[in-house]
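Okay, thanks for coming, everyone. I'll put the structure up and then walk you through it piece by piece.

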Amino acid sequence: MNGNGAPPRVGDVTTTSASGAAARTRLERGRGALGPALELVHTGRAPTRAVLTAELGVTRATAGAVAAELEALGLIRVDSRPGGAGGTGGAQGRPSHRLSVAEDGPVALAAQVHSDGFRAALVGLGGRIVATAPGKVTVSADPAQVLGAVVEAGAALLEQSGRLCVGAGLAVPSAVAEPDGTALNPLHLAWPAGSPVRAIFAECVKAAGIDGPALTGNDVNLAALAEHRHGAGRSAQHLLCVATGHRGVGGALVLDGRLHSGSSGLALEVGHLTVNPEGRACHCGSRGCLDVEADPLAFLTAAGRSPGPEVSLLQQARDLLRDEPAEPAVRAATQELIDRLGLGLAGLVNILNPDRIILGGLHRELLHADPERLRAVVADRSLWGRSGGVPILPCTLDHNSLVGAAELAWQPVLDDPLGALA
Ligand SMILES: [Zn+2]
């Protein structure tokens with residue numbers, strides 16, 4: 001703490017004297033710590049200033065200045081008088097200041113398009129969903145029409161909230177090629193392959209008068225990113241995520257905190273692993289892919305049900321599994337899908353050697369229905385699964401693809417809070 005008791009402002013670099021130069025160096029160092037500090041609070045890894053100090057490896061004064069600057073930017077809240085239960089011990093045994101994301105701080109506009117419609121949301125720091133607006137549409141073959149509608153829904157939420165917006169992110173059920181931002185295989189949407197979704201989304205966001213970056217990613221990639229930062233994937237080093245959407249199956253790998261997206265954004269197309277060589281024809285041109293053998297439609301079909309149009313296929317599959325788990329046809333379908341999923345996971349375990357697997361969409365419910373069976377199939381069919389036993393856990397976040405889409409928009413703020421918000 002400096003002489004007058006107030007922490008130095010990290011962004012204040014107007015001093016000119018020799019001692020001022022030293023202060024400037026310290027403050028510039030402090031500025032470099034703003035992003036890492038924000039990420040620690042954002043991901044819940046620094047609940048107190050004492051933990052922040054230790055995690056950043058800086059002095060208490062610097063940590064105090066950094067926390068104060070983030071609070072001045074409206075991003076976090078510093079509670080200097082945490083209640084009795086709160087806080088871990090400070091230097092004199094006093095409870096340390098508690099840190100949390102600002103409850104009325106800025107938000108990111110998040111959007112998700114899937115085979116049954118779209119959803120727009122506002123997501124604050126900490127992966128907190130502030131507001132959502134679902135929309136059911138017959139997803140138009142024209143991406144501009146769908147993205148225009150979802151951005152419009154998001155803009156209405158923004159207007160109601162009156163919050164500052166840092167940017168927008170979009171999750172789509174397709175591989176998104178880098179650096180072009182094109183949706184290469186929107187197989188369960190009627191969109192043309194290669195649609196320039198990022199450019200269209202950016203245009204819609206700009207037209208709605210929303211400032212900041214507008215970014216796009218694959219829905220399962222974004223779900224994995226969100227789970228790594230806020231959910232079941234926290235602290236995993238080699239996190240494998242496999243999930244169904246409303247249709248189809250996707251995968252993602254988060255390596256040391258970063259999405260592994262391959263040389264051009266197309267890695268981890270796990271949906272097209274063959275798990276049943278004699279199985280159904282797949283839209284990719286192959287046969288018996290995980291995508292058509294272990295998704296909600298495959299489950300409903302295996303259970304002898306004809307899906308109706310009222311709610312999404314994912315919801316119908318979940319309802320059936322929850323409401324009639326003991327019905328013989330449902331039980332047989334559950335086992336069949338678990339075996340196919342397990343076969344796919346076993347191959348991935350051999351190749352990727354993950355330290356954790358998380359399952360989303362219908363796969364989460366299949367794990368819940370019979371965790372022993374799924375773990376046994378993965379262990380029996382994989383070298384590393386047999387020797388080590390990779391933990392297989394359910395995803396824990398609601399709307400993880402939306403939260404992940406928001407992470408895209410939050411990233412520039414996490415990288416340089418002062419630069420992004422100035
Ligand atoms: Zn396929």
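So, along the chain, the residues that hold the zinc ion follow the spacing H-x9-C-x1-C-x4-C. This is a predicted model, by the way. Put names on that pattern and you get His272 through ND1, then Cys282, Cys284 and Cys289, each through SG. Those atoms lie 2.0 to 2.4 Å from the zinc ion. What arrangement do the four donor atoms make around the zinc ion? Tetrahedral, because the angles they subtend run from 106 to 121°.

Are Cys282 and Cys284 buried or exposed? Well, Cys282 is buried, with a relative accessible area of 8%. Cys284 comes out at 40%, so that one counts as partly exposed.

Okay, let's zoom out for a second. The protein chain has 422 residues, and buried ones make up 50% of them. In secondary structure we've got 15 helices and 14 strands. And if you take the contacts with a separation of 6 or more, 64% of them are between residues 24 or more positions apart.

Now, the sheet I'd like you to find. It's an open one with five strands, and the order is β12-β11-β10-β13-β14, with mixed pairing. Which strands stand at the edges? That's β12, residues 258-259, and β14, residues 392-394. Each has a single partner strand, so one side of each is left without a neighbour in the sheet. At the β14 end, β13 and β14 run parallel and share three bridges. If you want a spot to click on, Ile357 stands opposite Ile392 of β14.

Next, look for helix α10. It lies across β10, β11 and β13, and runs at about 155° to β10.

That brings us to the largest nonpolar core, which has 35 residues. The members touching the most others are Val242, Phe299, Leu345, Ile357, Leu359, Leu362 and Leu374. Several elements chip in with at least two residues each, including β10 (238-244), β13 (356-360) and α12 (371-381). Which element gives the largest share of this core? It's α10, with eight residues.

Let me pick on Phe299 for a moment. Leaving out residues up to four places away in sequence, Phe299 touches Ala317, Leu320, Leu321, Val330, Ala333, Thr334, Leu337 and Leu362. There's also a second, separate core of 33 residues, and among its members are Ala33, Leu38, Val166 and Ala405.

Over to strand β6, then, residues 165-172. Eight of its eight residues are buried, so the rest of the structure largely encloses β6. Who are its partners? Strand β3, residues 107-114, runs parallel to β6 and is joined to it by five bridges. Gln112, for instance, has Ala171 in β6 as its bridge partner. Strand β9, residues 214-218, is also parallel to β6, and five bridges join those two. There you can see Ala168 opposite Ala214 of β9.

Last stop: His228, which sits in helix α6, residues 219-230. At 14% relative accessibility, His228 counts as buried. What does His228 touch, not counting residues up to four places away in sequence? The list is Gly233, Arg234, Ser235, Ala236, Leu239, Val254 and Gly257.

That's the tour, so go ahead and spin the thing around.

Conventions
Residues are numbered from 1 along each chain as its sequence is written. This is a predicted model: local features need pLDDT of at least 70, side-chain atom pairs count only at pLDDT 80 or more; totals for chains, interfaces and linings use all residues. Side-chain values use heavy atoms; hydrogens and water are left out. A nonpolar core is a set of buried Ala, Val, Leu, Ile, Met, Phe, Trp, Tyr and Cys residues joined through side-chain atoms within 4.5 Å. Buried means under 20% relative accessible area, exposed over 50%, partly exposed in between (1.4 Å probe, protein chains only). Helices (H or I, at least four residues) and strands (E, at least two) are DSSP runs, numbered from the N terminus. Contact means heavy atoms within 4.5 Å. Donors are N, O and S atoms within 2.8 Å of the metal (3.2 Å for Na, K and Ca); water is not among the atoms, so sites may look incomplete. Four donors count as tetrahedral if all angles lie between 85 and 135 degrees; four count as square planar and six as octahedral if opposite donors are over 155 degrees apart and all others between 65 and 115; anything else is irregular. Two strands pair if DSSP finds at least two bridges between them. Axes are lines fitted to C-alpha atoms, for helices over the stretch in contact, and angles run from 0 to 180 degrees between N-to-C directions.
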